Amino acid sequence: MASRRFPFSSPVLQLFKTLHRTGQQVFKNDARALEAARIKINEEFKSNKSETSPKKIEELIKIGSDVELLLRTSVIQGIHTDHNTLKLVPRKDLLIENVPYCDAPTQKQ
């Protein structure tokens, strides 16, 4: 069995994998966006790989988790169908998680 540099349960590694999986789902069939997301995720993790402060690592994990949630719940793909038309392609999980907000709910009778 090959040894790993990080334990599988490492929160940093888990976040890294989760961000990549989310990117694959959110930008499905969009090669440019997939590549840009992959590069950005890798750059961010690489730029902080020597961080040793537990407080700073915890803060970075929180930021990464927030980004993953934002991507998963707020990004909708759009496809140009002609010069002035954009077709939106929402994912099923996006439609389920985004329940319209109503600050004045109607009462059931």
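## Exercises: an aromatic pair, a threonine and a pocket

Searching the whole structure turns up one aromatic pair. The model is a predicted one.

**Exercise 1.** Identify the aromatic pair, classify its geometry and place it in the fold.

*Solution.*
- The partners are Phe 16 and Phe 45.
- Their ring centres lie 5.0 Å apart. The cut-off for pairing is within 6.5 Å.
- The planes meet at 75°. Over 60 degrees counts as edge-to-face, so Phe 16 and Phe 45 form an edge-to-face pair.
- Phe 16 sits in helix 1 (residues 11-26) and Phe 45 in helix 2 (residues 31-47), so the pair ties together parts 29 residues apart in sequence.
- Phe 16 has 25% relative accessibility and counts as partly exposed. Phe 45, at 22%, also counts as partly exposed.

**Exercise 2.** Decide whether Thr 73 is buried or exposed, and find what its side chain contacts.

*Solution.*
- Thr 73 belongs to helix 3 (residues 54-74).
- Its relative accessibility is 15%. Buried means under 20%, so Thr 73 is buried.
- A polar atom of the Thr 73 side chain lies 2.7 Å from the backbone oxygen of Leu 69.

**Exercise 3.** Describe the largest pocket: its volume, its lining and the helices that contribute.

*Solution.*
- The largest pocket holds about 810 Å³ of space.
- Its lining has 27 residues. Nearest the centre are Val 12, Phe 16, Glu 44, Phe 45 and Lys 46. Both members of the aromatic pair appear in that list.
- Helix 1, helix 2 and helix 3 each supply at least two lining residues.
- By class, the lining comprises 16 nonpolar, five polar and six charged residues.

Conventions
Residues numbered from 1 in each chain as written. Predicted model: local features only at pLDDT ≥ 70, side-chain atom pairs only at ≥ 80, totals over all residues. Heavy atoms only, no water. Phe/Tyr/Trp six-rings, centres within 6.5 Å; stacked < 30°, edge-to-face > 60°. Helix = DSSP H or I, 4+ residues; strand = E, 2+ residues; numbered from the N terminus. Buried < 20%, exposed > 50% of the residue type's maximum accessible area, 1.4 Å probe, protein only. Polar contact = N/O pair within 3.5 Å; in protein donor to acceptor, adjacent residues only side chain to side chain. 1 Å grid on protein atoms, 1.4 Å probe; cavity = no way out; pocket = protein on both sides within 12 Å on 5 of 7 lines; lining within 4 Å. Points joined across faces, edges and corners; volume = space filled by probe spheres on them. Nonpolar A, V, L, I, M, F, W, Y, C, P; charged D, E, K, R; others polar.
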